[in-house]
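Please take me through this structure in the viewer, one selection at a time. At each stop, say what to pick and what is found there.

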Amino acid sequence: MPAEITGGNGAARHSISLYVANKPGVLIRIALVFSRRGYNIDSLVVSETEDPGFSRMNIVATGDRATLEQIIKQLNKLVDVIHARDYSYEDVIQKELALFKIDCAPERRAEALQVMEAFKAKTIDLSERTLAVEVTGSSEKLDALETMLRSFHIREMVRTGKVLMARGEAAT
Amino acid sequence: MAVQEKTGAEALVDIMIEEGVEYIFGLPGGSAIPLFDALVGRNIKLVLTRHEQGAVHMADGYARATGKTGVALVTSGPGATNTVTGLFTALMDSIPLVVVTGQMPAWTLGLDAFQEADVSGITYPCVKHSYLVKDVDDIPRIMREAFFLASSGRPGPVLIDMPKNVSGARISPKADTMQLPGYSVPKAAQDAEVARAATLLAAAKRPLLLVGHGAAISGAATEVRALAETLQAPVVNTLLGKGVLPETHELNLGMLGMHGTAYANKAIIDCDLIMSIGSRWDDRIVSKYDEFCVNAVKIHIDIDAAEINKVVKVDLGIVGDAKTVLRQLLPRLVKGDTADWVRQTKRWRRDFPLKFQKEGKLRAQQVIQELYRLTGGKAIVTTDVGQHQMWAAQFILSESGRDWISSGGAGTMGFGLPSAIGAQLGRPGETVVAIVGDGGFQMTLSELATLFNLKIPVKILVINNHYLGMVRQWQNLFYDNRYSGVDLEGNPDFVKLAGAYGIKGFRISRSADVRRVLKAALDHPGPALIDAEVEQHDNVFPMIPAGAAHKDMLLGPPRRVLEKPTGGT
Ligand SMILES: Cc1ncc(C[n+]2csc(CCOP(=O)(O)OP(=O)(O)O)c2C)c(N)n1
């Protein structure tokens, strides 16, 4: 599956992983590097790591590859960034979690559950007219489910944003 | 009674002294009082400026003239926001500064307390790094890191925002070991890269060395000279690379770019290899990116990896310190066979010299050229921004990178006078001249009071054309001579103004007086201001209109109205 989804102007989706010092301001410094180049951030996940002095960030952003290469260099230049890397073109473990709440009258429930089954989505809430599910997987799988659920009308959707980890002995 | 531990402010001053700080430029306010208090009786000289922008530019001029880190100290809120232009100026030109801003007590942050501003937030894009100090015990470490970050690698300004409760708190003795796991400073290049550079250089018939500020910062003058002489390669320098190879050297073609010499720009068009040593291919020199040196091999040495391939795609990028990399490269060089090429550049120099009109009204170029002759190329020259800056760049031939001080990347009007004050403090006993325009000078002229107090012999040469000349030039050339917002009517009498500050004033209005008056001003033992009333409508040439190709350089006034430039300013 191609990690790169190409849009207009050679724009593509990129998955960037950063390992940063856990200091106030580090998030703004990183966001400023993107915003100054007019590069849109699609998702951003900041989390703790095995070491309390450091955080990990996963950023998915859309734009052209040359600009992104420049952005990665500028991120690496930040004093609080230990390393920043574009993983878009590498085989890494990638996961995302999403919650969907759809319109679902009783007569369409069976159909909905069939879709959920196909995507290994878990029903987490049910009411007379709604159904809520949780699904985990690659971002592309979540995109596909989203497309399927449109026919039911998606009332609400929330996604955690992609997190990734290098495979095997390699460090992220 | 047990000995009281020192305050955070005292610890801060201790470290500044250990770091070799001689001068602090600044202006106090409520939040900075503990910091100023800690300076009383200490072995650091405090220079009280009239405006915080002046303080930062003074620290900047001091840093450029000496290579040491400049230090400024201001208060919170408006004191801190007044430093922004100075920080931006220093960041754009890679100048090592430590700027300490007093801040309201930590518990008021974000609550709109009096003079509480989000200084970190306002300054993120204008600093190499910054700190908001929350624990007094962190001060020693942060100060060490700040000085290290400011001056190492690609230098830049570091800001320390210091809440009053922190600077006033008692410190418990703590280690000051730096913790910078995300920061590393490249030094040497990989052998293979150096070998490749040597091969490319050996193959070149028409090599050209492009020397930028990075070469000056790295102190690579000896290596650049050795490189140029061994290869027999002509050299062009950027505005901030002036003097790394003395501009009187026969291989140096002077400044390139928008207002560079015709011979430097012609060399750009015809070279078959160009090697940048610490220049970032700024738009002032490259102009039209897709037509810049298209057929030349491009090599780029830079300490900042983010500069490689940023705007100009290169054949070989080498990340490292200019001096170190050139030292690795020199033993591998073979003497180039470039006699024809060098002869060609000499023909250009002869056929397309810098020139100006000698008849009629007094010309700025004449005044600047005469100043150059009188000082024998030995003065430290600072400039403001505009036409006078470009004329100074053309007619002052620099002998050393630290003798030419000008705001390049930011183009900050108001920089000339305060940077000259800082430079003179850093290098007492040398001649320092600030060449300024009548517009920019008025942006920071309040520092005349600072100058008077210091009693240092800075000379200020006001190139007075009664216009915001550089903007007028653009309106003249590209906007059908429609002047808008450029007439500086209402200017004061600068000689009287100087007098009001206790500074001796001189005036030049005729060509015949230039030498005599300049000499009198230079011989005057104290500070002096020279008001040179020059031709109002002169334009700077050569000129490559912003975004145009080098081949479209104008050598003199065009006969028609030009298209509006495609580049920025
Ligand atoms: C702070 C700031 N404001 C505006 C400009 C835009 N600007 C560039 S050159 C110039 C004219 C400068 O006039 P003056 O100081 O009289 O010098 P001259 O060009 O006449 O030599 C202006 C307004 C600038 N560079 N900096």
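Start with the loop of chain B between β4 (97-103) and α6 (119-123), and select B:Asp112 in it. The model is predicted, and the backbone angles quoted on this tour are computed from it. B:Asp112 has a phi near 60°, a positive value in a residue that is not glycine. Is this residue buried or exposed? B:Asp112 counts as exposed, because its relative accessibility is 71% and the cut-off for exposed is over 50%.

Next, select B:Gln232, in the loop that runs between α11 (221-231) and β8 (235-237) of chain B. B:Gln232 is not a glycine either, yet its phi is positive, at about 55°. Its relative accessibility is 23%, so B:Gln232 counts as partly exposed; the partly exposed class lies between the buried cut-off of under 20% and the exposed cut-off of over 50%.

For a third backbone feature, go to the segment that follows β18 (528-533) of chain B and pick B:Pro542. The peptide bond between B:Phe541 and B:Pro542 is cis, with omega at about -5°.

Two arginines in helices come next. Select helix α7 of chain B, residues 139-151, and in it B:Arg144. The relative accessible area of B:Arg144 is 18%, so this residue is buried. Which residues does B:Arg144 touch, leaving aside those up to four places away in sequence? Show B:Ile15, B:Glu18, B:Glu19, B:Asp176 and B:Met178 as sticks: these are the residues in contact with B:Arg144.

Now move to helix α15 of chain B, residues 339-351, which holds B:Arg350. With a relative accessible area of 57%, B:Arg350 is exposed. Draw a distance from the C-alpha atom of B:Arg350 to that of B:Ile269: the separation is 17 Å, and the two residues are 81 apart along the chain.

Zoom out to the whole of chain B. Coloured by secondary structure, chain B shows 23 helices and 18 strands. Its C-alpha atoms fill a box of roughly 80 × 60 × 40 Å along the principal axes. The radius of gyration is 24 Å, which agrees with the value near 25 Å for a compact globule of 569 residues. Buried residues make up 60% of the 569 in chain B. Among contacts in chain B with a separation of 6 or more, 75% are between residues 24 or more positions apart.

Switch on the surface of chain B. The exposed area is about 21,700 Å², and carbon and sulfur atoms supply 52% of it. Colour by charge to pick out 59 positive and 59 negative side chains; the centres of these two sets lie 6 Å apart.

Turn to chain A and show it as a cartoon. Chain A has four helices and nine strands. Followed from the N terminus, the order of elements is β-α-β-β-α-β-β-α-β-β-α-β-β. The C-alpha trace of chain A spans about 55 × 40 × 30 Å along its principal axes. Of its 172 residues, 44% count as buried. Residues 24 or more positions apart account for 71% of the chain A contacts with a separation of 6 or more.

The surface of chain A comes to about 9,200 Å², with 53% belonging to carbon and sulfur atoms. Chain A carries 23 positive and 24 negative side chains, and the centres of these sets are 3 Å apart.

Within chain A, select helix α4, residues 139-149. Its buried residues include A:Leu142, A:Leu145 and A:Leu149, as well as A:Ser139, A:Glu140 and A:Glu146. What do the buried residues of this helix pack against? Their partners in chain A are β5 (93-103), α3 (109-118), β7 (130-137) and β8 (154-159).

The last stop is the contact between the chains. Select the 19 residues of chain B and the 17 residues of chain A that take part in it. The two chains bury about 1,400 Å² between them, 58% of it on carbon and sulfur atoms. On the chain B side, label B:Tyr124, B:His129 and B:Gly182: these lose the most area to chain A, together 39% of what that side buries.

How values were computed: Residues are numbered from 1 along each chain as its sequence is written. Chains are lettered from A and ligands numbered from 1 in the order in which they are written. This is a predicted model: local features need pLDDT of at least 70, side-chain atom pairs count only at pLDDT 80 or more; totals for chains, interfaces and linings use all residues. Side-chain values use heavy atoms; hydrogens and water are left out. The radius of gyration is taken over C-alpha atoms; the globule rule is 2.2 Å times the number of residues to the power 0.38. Buried means under 20% relative accessible area, exposed over 50%, partly exposed in between (1.4 Å probe, protein chains only). Contact means heavy atoms within 4.5 Å. Accessible areas come from the Shrake-Rupley method with a 1.4 Å probe; for residues, only the protein chains shown count as cover. Lys and Arg count as positive and Asp and Glu as negative; His and the chain ends are not counted. The place of a charge is taken as NZ of Lys, CZ of Arg, CG of Asp or CD of Glu. Buried area is the accessible area (1.4 Å probe) that two parts lose on being put together, summed over both.
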